Amino acid sequence: MNDCIFCKIANGEIPSSTIYEDDKFRVILDLSPAAAGHALIIPKAHFRNIFDLDDATAADLFVLAKKIACAAKKALNCDGLNIVQNNEEIAGQTVFHFHMHIIPRYINDGQSILWKPGTSDPETLKNLAAKIAEAL
C-alpha cells in the first residue's frame, strides 16, 4: 500500500519511537497516547483489519501482545492494561491498517475504555450463539 501511513511506519520509512521489531511486526509508542507507554503493534504486511488478517499472523500477534504487555507492566509499574483493537469506522478504527493498542492504565489516569453493559435474555443469547456458530 503506497499511501498507507502505517505501512510506511512499520517498514521504517517514517521514523517512530520503536520499542520492538522483528521480520513481521514493529511496535511503536503512540504519538497521541491515552496513557504513558501506550504502544501500537503494527504488522509489516498490510491488512485492513481483523477480517483480512491471516491465522498465522493473528497467532504471532497475540504472542507478541503478551510479551509487550508484560514488559510494559514491568517497566512502567502500571496498575492495569487494556489491549484494544478496532475494526471498521463504527467501532473506532481510524487508520485502515490492522494495529493493536497496548494501553497501560494508571489509577486516576482519566481514561474510560469500557462499554455500557446491556441486557439480554436466554432465548436471544441461544439464537445469537447458534447464528454465529453456524457461520464458523
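Let's start with Asp109. At 23% relative accessibility, this residue counts as partly exposed. The cut-off for buried is under 20%, so Asp109 falls outside that class. One caution before I go on: this is a predicted model.

Asp109 has a charged partner, Arg105. The two form a salt bridge, and their closest N and O atoms are 2.8 Å apart. Is Arg105 buried or exposed? Arg105 counts as buried, at 17% relative accessibility. So this pair joins a buried arginine to a partly exposed aspartate.

Salt bridges can also share partners. Here that sharing joins Glu21, Arg26 and Lys44 into one network. How many salt bridges does a search of the whole structure find? The search finds 5. In general, side chains of opposite charge can pair when their charged atoms come close.

Now the overall layout. The protein chain has 3 helices and 5 strands. From the N terminus on, the order is α-β-β-β-α-β-β-α. The C-alpha trace spans about 50 × 40 × 25 Å along its principal axes. There are 136 residues in the chain, and 32% of them are buried. What about contacts between residues at least 6 apart in sequence? Of these, 54% join residues at least 24 apart.

Next, the first two strands. S1 covers residues 18–21, and S2 covers residues 25–29. How do they pair, parallel or antiparallel? They pair in the antiparallel sense, over 3 bridges. Together they make a hairpin, with 3 residues between the strands.

Look across that hairpin at Glu21. Opposite this residue, in S2, stands Arg26. The two also form a salt bridge, with the closest N and O atoms 3.0 Å apart. Their exposure is not alike. Glu21 is partly exposed, at 40% relative accessibility. Arg26 is buried, with a relative accessible area of 10%.

Stay with the hairpin, but move to the loop. Lys24 makes a salt bridge with Asp60, and here the closest N and O atoms are 2.5 Å apart. Which parts of the chain does this pair link? Lys24 sits in the loop between S1 and S2, while Asp60 belongs to helix H2, residues 55–76. The two are 36 residues apart, so the pair links distant parts of the chain. Asp60 is partly exposed, with a relative accessible area of 30%. Lys24 is partly exposed as well, at 37%.

On to a histidine. His97 lies in the loop between strand S4, residues 80–84, and strand S5, residues 100–105. Its relative accessible area is 0%, so His97 is buried. What does its side chain meet? A polar contact of 3.0 Å joins it to the side chain of His46. Set aside the neighbours within four places in sequence, and His97 still has a list of contacts. Among them are Cys4, Phe6 and Cys7. The list also includes Ile42, Pro43, Ala45, Phe47 and Arg48.

Now the cysteines, for anyone thinking about disulfides. The count of disulfides comes to 0. Take Cys70 and Cys78. Why is there no bond at Cys70? The closest cysteine sulfur, in Cys78, is 10 Å from the sulfur of Cys70, and that is too far. A disulfide would need the sulfurs within 2.5 Å. From the side of Cys78, the closest cysteine sulfur is in Cys70, again 10 Å away. Cys70 is partly exposed, at 44% relative accessibility. Cys78 is buried, at 1%.

Last stop, helix H3. H3 runs over residues 122–135. Does its length fit the expected span, or depart from it? At 1.5 Å a residue, its 14 residues should span 20 Å. The end C-alpha atoms are 20 Å apart, so the two agree. At the N-terminal end, Asp121 acts as a cap. A side-chain oxygen of Asp121 lies 3.1 Å from the backbone nitrogen of Glu123. How many of the residues of H3 are buried? The count is 0, and H3 is hardly covered.

Notes. Residues numbered from 1 in each chain as written. Predicted model: local features only at pLDDT ≥ 70, side-chain atom pairs only at ≥ 80, totals over all residues. Heavy atoms only, no water. Helix = DSSP H or I, 4+ residues; strand = E, 2+ residues; numbered from the N terminus. Buried < 20%, exposed > 50% of the residue type's maximum accessible area, 1.4 Å probe, protein only. Polar contact = N/O pair within 3.5 Å; in protein donor to acceptor, adjacent residues only side chain to side chain. Contact = heavy atoms within 4.5 Å. Expected span 1.5 Å × (residues − 1). Pairing = 2+ DSSP bridges. Salt bridge = Lys/Arg side-chain N within 4 Å of Asp/Glu carboxyl O.
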